[in-house]
Amino acid sequence: MITASPPELSTLVEHLVAVKPDLRPQEIGPRTSLTRDLGFDSLDLVRLAARIHEQHPEADLTPWLAGACQAGADSVGSMADHLARARRRDYVALARELAPAFAERAARHDADGGFPHENLAELVRTGYTAMTIPREYGGDGAGLGELCEAQQVLAGACASTAFSVNMHVHGLAMIAQLGGQDAEWVCRAVSEGAVIAGGFSEPGVGGNWWHPTTKAERVDGGYVLNGRKGFFTGFPGATHLFLSAATKDDRGLPQPMAFLVPKPDEGIRVIEEWDAAGMRATGSHTLAIEDFFVEDRWSVGEPGKLPLLFMTGVHWAWCSFASVFVGIARAALEHVTATQRRRVLSVIGKPNAHLPGVQFRVAEMATRLAAARAHLEAAVHADHDTAGPIAHYLDMSLMKMQVTRLAHEVVTLGMQVQGGSSLVSASPLQRMYRDVIAGLLVPPAADVVLEWAGKHALDVPIFAEPRWAE
Ligand SMILES: Cc1cc2nc3c(=O)[nH]c(=O)nc-3n(C[C@H](O)[C@H](O)[C@H](O)COP(=O)(O)OP(=O)(O)OC[C@H]3O[C@@H](n4cnc5c(N)ncnc54)[C@H](O)[C@@H]3O)c2cc1C
């Protein structure tokens, strides 16, 4: 069910008053009936529909009028919901529209390792980067399921682009979930074109993001940050940086914090350009943070609450990460089946598709892909609100680990089906092979997940020291 946001309701009230100027806006609410309470007759309704259609050509009120007035369900709220639904963008369809051009450019970006700025510009221009702005902040409030499906489509076309924008869409959703001023300003900035990149892992800390070694020293009006960030995916295209650092509490104990800052001209420096075997066009540079002053207003959430913030919103992170690698596996299966149907082996005089080995491996690919998709789906639709933070974090982490392993297996099998030609630079499969392995390396670190999940299942305290029995 879609619920119209306050801005939509107030716009609708303006239309109602324009048609019937004697109405008092403050007396109109979502439950107010157009015909019974406001006295709209059929002529008023026709004038209202025409007026709305003129300003929003995509919104056709006729079907709503026919059904709602007859059923006596002609409330202002129900009309606003109908309009919201008509105007709402379908982000999976948008991803499908953008995908062909991204796929065409993918090989070039992979070859030169350049950041796909033009793809990101398209994602901003079309509103894709705003998809997870909640309805109460004026966005379409795309849910996790829609985000993950759309990301799979993009990843099948250009995994680097999908992975880069993933840092933005899931980070935005996590901050929006906090509500309050943090959510409000971020959503406003994104609706005006801001793009977020996130840096939580650090050299020497790696996937143990909840222990940042970047220091946040308290000073008048804010903090001074010093440290290193590895793998800052999407940095070249970002306008805002979401990053972690640790301050100290009164007892001198480290308090992990998060900051979301406009990308500065000074204080943050690229010390190593991303030049990697896979996900080559993600611009995942390594950064030095040097005496970087961050005003108080750029801190997100309360000091020390970063792990909890992340654990409660982790479904946005790990499900969207997993979806990128499922998208690569889907594209690999499509590519392999299409080629094997076409390619003719002269010894059998038929397409390769007739070979049993090809058939068996394609079937293995399909079953692994189905298992990956089912696990991801289950995680997307799990109860994210009432599960305990540790159990929730573990469920999502195990899913990401298993789904990315399956995606990796799908692409590896695809290479075997395709044979030697899959290794040549002109084959998209070799790019998928190099990209999909990143799924095993991005957080959460598999060994940490397995340790935590095993301990949790066995009632061994997760955070007790020493970690292993002496
Ligand atoms: C393509 C790509 C893009 C990335 N983008 C981002 C990004 O945008 N933002 C970001 O913050 N990070 C990003 N990362 C980094 C990622 O978050 C991990 O931090 C990083 O991959 C860990 O690499 P590392 O070399 O530090 O390995 P380490 O974390 O040192 O891990 C090495 C090995 O040690 C194991 N290990 C690590 N910690 C423990 C432990 N506590 N107990 C037991 N075993 C452990 C791991 O499982 C692994 O086998 C990206 C990584 C990749 C590959």
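Start with the largest nonpolar core of this predicted model. Select Ile328, Ala329 and Ala407: of the 112 residues in this core, these three touch the most other members. Helix α11, residues 314–342, supplies the largest share of the core, with 16 residues. Keep Ala329 selected and show its contacts beyond four places in sequence: Leu369, Ala372, Ala407, Val410, Val411 and Val436. There is also a second, separate core of 16 residues, and among its members are Leu9, Leu16, Val19 and Val76.

**Domains**

Colour the chain by its domain assignment: domain 1 covers 6–87, domain 2 covers 91–194, domain 3 covers 199–303 and domain 4 covers 313–457. Taken over C-alpha atoms, the centres of domain 1 and domain 4 are 47 Å apart.

**Two buried polar positions**

Select Arg368 in helix α12, which runs over residues 356–380. Is Arg368 buried or exposed? Arg368 counts as buried because 21 other C-beta atoms lie within 10 Å, the cut-off being 20 or more. Leaving out residues up to four places away in sequence, Arg368 touches Leu406, Glu409 and Val410. Now add Val153: this residue is 215 positions from Arg368 in sequence, and the C-alpha to C-alpha distance is 18 Å.

Move to His392 in helix α13, residues 389–418. His392 has 20 other C-beta atoms within 10 Å and is therefore buried. Outside the four-place sequence window, the contacts of His392 are Met311, Val314, His384 and Ala387. For a long-range pair, add Ala121, which is 271 residues from His392 along the chain; their C-alpha atoms are separated by 35 Å.

**Helices α14 and α5**

Select α14, residues 428–436, and show the side chains of Leu429, Arg431, Met432, Tyr433, Asp435 and Val436, which are buried. What covers these buried residues? The cover includes α5 (91–112), α8 (159–178), α11, α13 and α15 (438–441).

Follow that list to α5. This helix has 22 residues and spans 29 Å from its first C-alpha to its last, close to the 32 Å expected at 1.5 Å a residue. Where is the kink in α5? Look at Ala99, where the helix bends by about 40°, shortly before the proline Pro100. The buried residues of α5 are Tyr91, Ala95, Leu98, Ala99, Phe102, Ala106, His109 and Asp110. These buried residues pack against α6 (117–125), α7 (144–157), α8 and α14. Just past α5, select Gly113, which has a positive phi near 70°.

**The strands**

Begin with β1, residues 196–199, in which Ile196 and Gly198 point one way, Ala197 and Gly199 point the other way, and all are buried. In a regular strand the side chains alternate between the two faces of the sheet. Strand β1 pairs in the parallel sense with β4, residues 240–248, over 4 bridges. Within that pairing, Ala197 stands opposite Leu241 in β4.

Next select β2 (residues 215–219) and β3 (residues 222–232), which pair in the antiparallel sense over 5 bridges. Arg218 has Tyr223 in β3 as its bridge partner. The two strands form a hairpin with 2 residues between them, and Gly221 in the turn has a positive phi of about 80°.

Strand β3 also pairs with β7, residues 285–295, again in the antiparallel sense, over 8 bridges. To find this pairing, select Phe232 and its bridge partner in β7, His285.

**Unusual backbone geometry**

Most residues other than glycine have a negative phi, and most peptide bonds are trans. The remaining stops depart from that pattern.

Met279 sits in the loop between β6 (268–272) and β7, and its phi is positive, near 45°. Met279 is buried because 27 other C-beta atoms lie within 10 Å. Asp459, in the segment after α16, also has a positive phi, near 60°. Asp459 has 6 C-beta neighbours inside 10 Å and so counts as exposed.

Two cis peptide bonds complete the tour. One joins Pro443 and Pro444, with omega about 0°; Pro444 lies in the loop between α15 and α16 (446–457). The other runs from Glu465 to Pro466, with omega near -5°, and Pro466 is in the segment after α16.

Key: Residues are numbered from 1 along each chain as its sequence is written. Two strands pair if DSSP finds at least two bridges between them. A residue is buried if 20 or more other C-beta atoms lie within 10 Å of its own, exposed if 12 or fewer, and partly exposed in between; C-beta atoms are placed from the backbone. Two residues are in contact if their C-beta atoms, placed from the backbone, lie within 7 Å. A nonpolar core is a set of buried Ala, Val, Leu, Ile, Met, Phe, Trp, Tyr and Cys residues joined through C-beta atoms within 7 Å. Domain bounds come from an automatic or database domain assignment. The expected span of a helix is 1.5 Å times one less than its number of residues. The bend at a residue is the angle between axes fitted to the seven residues ending there and the seven starting there.
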